[in-house]
Amino acid sequence: MRKTINNELTPMSSIDSSLKRANILILEDLIFYQEAITALLKKHQFSGQLSYATQLKDAQLILESKSIQLLITDLHLPDGLSIELVKKLDLVKQSVLYQFC
């Protein structure tokens with residue numbers, strides 16, 4: 001079954017508790033937004049492992065070496081579009097949830 005997070009706002013309280021313990025990759029080139037996303041996750045009792053990347057090449061290395069359940073990503077990055085990484089690594093087939101922001 002295809003898993004994605006839609007573009008609708010979903011209250012954190014309705015997110016499956018297992019996702020609150022997920023391994024998450026935040027792919028964002030602006031540190032301010034990385035910190036804001038991290039603060040939001042912590043505010044909602046996120047207790048999983050966070051990884052960070054600012055470029056597609058670094059994100060690819062993390063996705064290939066770690067078990068990531070959720071990718072939160074900026075669509076436009078200095079070295080390309082993150083949708084290309086999603087397609088290249090076939091994250092849907094790997095059951096990795098992703099959200100563009």
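How many aromatic pairs does the structure hold? There are 2 aromatic pairs, and both get a close-up below. Keep in mind while you look around that this is a predicted model.

**Figure 1. The whole chain, before we zoom in, has 3 helices and 6 strands.** Starting at the N terminus, the elements follow the order β-α-β-α-β-β-β-α-β. The protein has 101 residues, and 36% of them count as buried. Take the contacts with a separation of 6 or more: 73% of them come from residues 24 or more positions apart. The accessible surface adds up to about 6400 Å², with 56% of that belonging to carbon and sulfur atoms.

**Figure 2. Helix α1 has a buried side and an exposed one.** This helix covers residues 31–43, which makes 13 residues. From first C-alpha to last it reaches 18 Å, close to the 18 Å expected at 1.5 Å a residue. Gln34, Ile37, Thr38 and Leu41 are the buried ones here. Their arc around the axis is only 100 degrees, so they sit on the same side of α1. Why does a helix give that kind of pattern? An α-helix makes a turn every 3.6 residues, so residues three or four places apart point the same way. Look at the other side of α1 and you find Phe32, Glu35 and Lys43, which are exposed. As for what the buried residues of α1 pack against, the partners are β1 (24–27), β2 (50–53) and β3.

**Figure 3. Threonine 38 is a close-up from helix α1.** Its relative accessible area is 11%, and since buried means under 20%, threonine 38 counts as buried. Leaving aside residues up to four places away in sequence, threonine 38 touches Ile26, Leu50 and Tyr52.

**Figure 4. Just past the end of α1, look at glutamine 45 and histidine 44.** Glutamine 45, just after the helix, takes a positive phi of about 60 degrees. Histidine 44 belongs to the loop between α1 and β2. With a relative accessible area of 23%, histidine 44 is partly exposed. Now find lysine 20: it is 24 residues from histidine 44 in sequence, yet their C-alpha atoms are 8.3 Å apart in space.

**Figure 5. Threonine 73 sits in strand β3 and is buried.** The strand runs through residues 70–73. How much relative accessible area does threonine 73 have? The value is 0%, so this residue is buried. Follow its side chain and you get to the backbone oxygen of leucine 27, at 3.5 Å. Leu27 is also among the residues that threonine 73 touches, and the others are Ser82, Gln99, Phe100 and Cys101, not counting residues up to four places away in sequence.

**Figure 6. Phenylalanine 32 and tyrosine 33 make an edge-to-face aromatic pair.** A pair of aromatic rings is described by how far apart the centres are and by the angle of the planes. For phenylalanine 32 and tyrosine 33, the centres are 5.2 Å apart and the planes are at 75 degrees, so the pair is edge-to-face. Are these two rings buried or exposed? Phenylalanine 32 is exposed, at a relative accessible area of 59%. Tyrosine 33 is partly exposed, at 42%.

**Figure 7. Tyrosine 98 and phenylalanine 100 also form an edge-to-face pair.** Here the rings are 5.5 Å centre to centre, with 65 degrees between the planes. Tyrosine 98 is buried, with a relative accessible area of 8%. Phenylalanine 100 counts as partly exposed, at 23% relative accessibility. You have met phenylalanine 100 already, in the list of residues that threonine 73 touches.

**Figure 8. Aspartate 90 and serine 95 are in the loop between α3 and β6.** Helix α3 covers 82–88 and strand β6 covers 97–100. Which backbone angle should you check at aspartate 90? Its phi is near 50 degrees, a positive value in a residue other than glycine. Serine 95 has a positive phi as well, near 65 degrees, and is likewise a residue other than glycine. Aspartate 90 has 35% relative accessibility and counts as partly exposed. Serine 95 counts as partly exposed too, at 37%.

Conventions
Residues are numbered from 1 along each chain as its sequence is written. This is a predicted model: local features need pLDDT of at least 70, side-chain atom pairs count only at pLDDT 80 or more; totals for chains, interfaces and linings use all residues. Side-chain values use heavy atoms; hydrogens and water are left out. Helices (H or I, at least four residues) and strands (E, at least two) are DSSP runs, numbered from the N terminus. Buried means under 20% relative accessible area, exposed over 50%, partly exposed in between (1.4 Å probe, protein chains only). A polar contact is a pair of N or O atoms within 3.5 Å; within protein, one must be able to donate a hydrogen and the other to accept it, and residues adjacent in sequence count only if both atoms are side-chain atoms. Contact means heavy atoms within 4.5 Å. The expected span of a helix is 1.5 Å times one less than its number of residues. The arc is that of the directions from the helix axis to the C-beta atoms. Accessible areas come from the Shrake-Rupley method with a 1.4 Å probe; for residues, only the protein chains shown count as cover. Rings of Phe, Tyr and Trp (its six-membered ring) pair if their centres lie within 6.5 Å; planes under 30 degrees apart count as stacked, over 60 as edge-to-face and the rest as tilted.
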